[in-house]
Amino acid sequence: MQASDSLYHRLFSDPVMIEQLVRGFLPAGIAALLDFSRLERVNAKFHAARGDRREGDVIWRVPTLAGEMVHIYLLLEFQSTPERFMPVRVQVYSGLLWQQIIAGRALAPGGRLPPLLPIVLYAGEARWDCPADTADLVALPEDSPLWPWQPQVRYHLIDEGRLRAEDLARHDSLVALLFRIEICDRPEDLPGLVSQAAAWFADHPGHATLRLAFGDVVAHAVAGLVGAPPAATVPMDIEEVQGMLAERIKKWERELLAEGKAEGIAEGEAKGEAKGIAKGRAALLKRQFTRRFGALPAEVERLIDTATPDQHDTYMDRLMDAQTPSDVFPGLLRPGE
């Protein structure tokens with residue numbers, strides 16, 4: 001269950017998220033042009049020809065690092081469903097923004113319009129297979145002499161669903177964690193991702209609004225994994241949601257253990273029930289450890305396979321807050337292993 005457009009609006013109203021988005025998910029070289037220390041939100045209110053008001057999703061203005069002072073406008077559009085005519089929408093919004101700049105007399109006499117960078121951030125499940133520019137929408141052959149008079153507009157697409165988890169894991173940023181949480185389809189993977197987000201906020205005090213927004217992101221992710229709408233509760237920041245998630249994980253664990261129990265009984269063995277429960281606990285612990293820290297050392301696998309139910313519980317509790325493998329198995333692994 002992807003977060004709503006309004007939640008993305010809150011997330012990307014923070015300059016930290018904008019800088020990380022540009023540095024990590026836009027073509028190489030763009031970030032090097034921009035002075036992120038002077039990012040500025042633009043309150044743009046657009047009025048279409050019919051009189052309907054259109055408020056841009058999120059618009060930021062950022063100066064370049066070049067000698068001549070030039071500001072670039074970043075236009076972020078959030079989509080949860082594919083939109084074939086997105087280039088036309090981007091063209092309209094771009095023109096309205098330029099009109100607002102002209103009407104506000106923000107240009108020096110004889111000055112030129114500021115450059116724009118339209119970004120579409122898509123969080124839907126279906127593949128985005130829509131045209132990226134107006135050239136693919138206009139009914140003209142490639143060799144038509146009319147092309148010089150046709151509008152030329154293009155946007156940069158970020159399709160969350162097509163991003164690979166292993167590539168995102170290489171990015172040390174909140175934006176990458178957001179995308180990883182959004183595309184997460186395994187309950188046992190969530191605690192590690194949430195712990196990383198909580199650790200980022202612990203290292204970067206402040207960002208109260210962003211902390212609450214990330215709490216809502218996790219709540220949406222949990223609701224999506226259990227197939228239920230997110231509960232209407234008082235907003236919680238990331239640390240509070242972390243506690244809620246721990247309780248949810250315990251429920252998932254009980255469900256997995258019940259599956260192991262049923263499997264053991266089906267085998268018809270006298271000790272099938274105990275064997276099934278132990279098998280379910282061991283499988284869950286191995287999977288969570290592997291997803292958090294990579295390959296499972298042979299000595300750790302042997303320890304898990306021979307552990308008692310109480311020992312399994314102890315290892316699982318340690319894993320929830322562990323930063324390194326040695327935090328889970330301190331007597332077996334040394335720090336750094």
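**An enclosed cavity and a five-stranded sheet**

About 40 Å³ of space lies in the second largest cavity of this predicted model. By the rule applied, the count comes to 3 cavities of 30 Å³ or more. Rolling a probe the size of a water molecule over the atoms shows where empty space is left. The lining of the second largest cavity consists of Glu188, Pro191, Gly192, Gln288, Arg292, Leu319 and Met320. Three helices each supply at least two residues of this lining: α6 (190-203), α9 (272-293) and α11 (309-321). By class, the lining has 3 nonpolar, 2 polar and 2 charged residues. The nonpolar residues are Pro191, Leu319 and Met320. The polar ones are Gly192 and Gln288. Glu188 and Arg292 are the charged ones.

The overall fold is described next. The protein has 12 helices and 7 strands. Of its 337 residues, 42% count as buried. The protein exposes about 18,100 Å². Carbon and sulfur atoms supply 53% of that exposed area. Contacts with a separation of 6 or more were also examined. Residues 24 or more positions apart account for 62% of these contacts.

Five of the strands form an open sheet, in the order β1-β4-β5-β6-β7. Pairing within this sheet is mixed. The edge strands are β1 (40-41) and β7 (156-159), and each pairs on one side only. Strands of a sheet pair through backbone hydrogen bonds, either parallel or antiparallel.

Strand β5 (residues 71-79) lies between β4 and β6 in the sheet order. On one side, β5 pairs with β4 (residues 58-63) in the antiparallel sense, over 6 bridges. Within this pairing, Ile59 has Leu75 of β5 as its bridge partner. On the other side, 7 bridges join β5 to β6 (residues 116-122). These two strands run parallel. Here the bridge partner of Tyr73 is Leu116, in β6.

Burial of β5 was considered as well. A residue counts as buried when its relative accessible area is under 20%. In β5, 8 of the 9 residues meet this criterion, so the strand is largely enclosed by the rest of the structure. Strand β5 thus combines this burial with an antiparallel partner, β4, and a parallel partner, β6.

Methods:
Residues are numbered from 1 along each chain as its sequence is written. This is a predicted model: local features need pLDDT of at least 70, side-chain atom pairs count only at pLDDT 80 or more; totals for chains, interfaces and linings use all residues. Side-chain values use heavy atoms; hydrogens and water are left out. Helices (H or I, at least four residues) and strands (E, at least two) are DSSP runs, numbered from the N terminus. Buried means under 20% relative accessible area, exposed over 50%, partly exposed in between (1.4 Å probe, protein chains only). Contact means heavy atoms within 4.5 Å. Accessible areas come from the Shrake-Rupley method with a 1.4 Å probe; for residues, only the protein chains shown count as cover. On a 1 Å grid over the protein atoms alone, a cavity is a set of points where a 1.4 Å probe fits but cannot get out, and a pocket is an open set with protein on both sides within 12 Å along at least five of seven lines; lining residues have an atom within 4 Å of a point. Grid points are joined across faces, edges and corners, and a volume is the space filled by probe spheres set on the points. Two strands pair if DSSP finds at least two bridges between them.
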